[in-house]
Protein chains: 2
Amino acid sequence: MRKGMLEYCIMLLLRHQACYTNDIIQRLREAEMIVMEGTLYPLLSRLKRDGLLAYEWRESTQGPPRKYYLLTDEGQQALAQLNASWEEIQRTVNLLKQ
Amino acid sequence: MRKGMLEYCIMLLLRHQACYTNDIIQRLREAEMIVMEGTLYPLLSRLKRDGLLAYEWRESTQGPPRKYYLLTDEGQQALAQLNASWEEIQRTVNLLKQ
DNA sequence: ATTAGTACCTTGCGATACAAGGTATTCAAA
DNA sequence: TTTGAATACCTTGTATCGCAAGGTACTAAT
């Protein structure tokens, strides 16, 4: 059932703090949301392509450089939409639960 | 983002009251969840095949007979699982929102 | 008998997530 | 200097889900 929630969770995560892939996987795992590498890379690329995310390269102390993603202004607007959708879904479920 | 929520919503809907397809579409629409016929029929068939739903034919005053679906005992157990998943997703989102 | 309305269902398409595998960079040890 | 381990990037193939469109069958009214 978590399908479809992933994009929302990632945008929530990247709205204040820039992260690279392993950060994201780790942070989501701490929030009990499991996500695979092969899922994440295409999703990040798509959000970048759509202008919702931007990235910058940063050196690492150990290993190759990393792509640090952050939400753009356009992404913030899209996130506001998703917040509204999330509220609506909660309303729907609560209504059906009665 | 409502993707994946549909199965849960339908099982919530059918846990107490038997409905046929147009009932379900109508009731979900009232809860602000739009679902298409072509989505619903395969989903109901799958839940039936998996033993989570059962149906019985009922005559209609106008038109051909209808399949009225209701949640089975096995479906009730599956629904308890989905309720737990739903709680977890809410926890995840709330945690990421901080 | 024909038509309109209702209810059932199927097929083809696009999007999403997973599993598996592949490329490239860095650093340390042989 | 070269080899290998670790890290980080990405792609491909598969399954599932939801939608759009189209199709079949039964009922009732004209």
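These legends walk through close-up views of a predicted model with two protein chains, A and B, and DNA strands C and D. Residues are numbered from 1 along each chain as its sequence is written, while chains are lettered from A and ligands numbered from 1 in the order they are written. Because the model is predicted, local features need pLDDT of at least 70 and side-chain atom pairs count only at pLDDT 80 or more, whereas totals for chains, interfaces and linings use all residues; side-chain values use heavy atoms, with hydrogens and water left out.

**View 1. How chains A and B are related.** Turn chain A by 180°, with 0.0 Å of shift along the axis, and it lands on chain B with an RMSD of 0.0 Å. That is what a two-fold axis does. The fit is by least squares on the C-alpha atoms of residues with pLDDT of at least 70 in both copies. The copies meet through the same surface, since 100% of the interface residues of chain A are also interface residues in chain B.

**View 2. Protein around DNA strand C.** Here 22 residues surround the strand, with A:Thr39, B:Tyr20, B:Tyr41, B:Arg66 and B:Lys67 the closest. A residue counts as near when one of its heavy atoms lies within 4 Å of the strand. Of the atoms of DNA strand C that come within 4 Å of the protein, 66% belong to sugar and phosphate.

Now zoom in on the polar contacts (pairs of N or O atoms within 3.5 Å; inside the protein, one atom must be able to donate a hydrogen and the other to accept it, and residues adjacent in sequence count only if both atoms are side-chain atoms). B:Arg66 puts a side-chain N or O atom 2.5 Å from a phosphate oxygen of DNA strand C, and B:Tyr41 has a polar side-chain atom 2.6 Å from a phosphate oxygen of that strand. B:Glu37 goes for a base instead: an N or O atom of its side chain is 3.4 Å from a base nitrogen.

Two or more residues each come from helix 3 (37–49) of chain A, and from helix 2 (21–30), helix 3 (37–49) and strand 2 (66–71) of chain B. Helices (H or I, at least four residues) and strands (E, at least two) are DSSP runs, numbered from the N terminus. Helix 3 of chain B gives the most, with 4 residues. Sorted by class, the surface has 9 nonpolar, 8 polar and 5 charged residues. Ala, Val, Leu, Ile, Met, Phe, Trp, Tyr, Cys and Pro go down as nonpolar, Asp, Glu, Lys and Arg as charged, and the others, Gly among them, as polar.

**View 3. Protein around DNA strand D.** This strand has 21 residues around it, the closest being A:Tyr20, A:Tyr41, A:Arg66, A:Lys67 and B:Thr39. Sugar and phosphate make up 67% of the strand's atoms that come within 4 Å of the protein. A:Thr21 has a polar side-chain atom 2.9 Å from a phosphate oxygen of DNA strand D. From chain B, a polar backbone atom of B:Gly4 sits 3.1 Å from a phosphate oxygen, and a polar side-chain atom of B:Arg2 lies 3.2 Å from one. Helix 3 of chain A is the top contributor to this surface, with 4 residues.

**View 4. A salt bridge between the chains.** A:Glu32 and B:Arg91 form a salt bridge, their closest N and O atoms 3.8 Å apart. The pair runs from the loop between helix 2 (21–30) and helix 3 of chain A to helix 4 (residues 73–97) of chain B. A salt bridge is a side-chain nitrogen of Lys or Arg within 4 Å of a carboxyl oxygen of Asp or Glu. Both ends are partly exposed, A:Glu32 at 39% relative accessible area and B:Arg91 at 46%. The scale runs from buried (under 20%) through partly exposed to exposed (over 50%), using a 1.4 Å probe and protein chains only.

**View 5. Salt bridges within chain A.** A:Arg58 pairs with A:Glu56, closest N and O atoms 2.9 Å apart. A:Glu7, A:Arg46, A:Arg49 and A:Asp50 are joined into one network by salt bridges that share partners. Within that network, A:Arg49 and A:Asp50 come to 3.2 Å; A:Arg49 is exposed at 61%, while A:Asp50 is partly exposed at 33%.

**View 6. The loop at A:Pro65.** A:Pro65 is in the loop between strand 1 (53–58) and strand 2 (66–71) of chain A and is partly exposed, at 41%. Beyond its neighbours within four places in sequence, A:Pro65 contacts A:Trp57, A:Arg58, A:Glu59 and A:Ser60, contact meaning heavy atoms within 4.5 Å.
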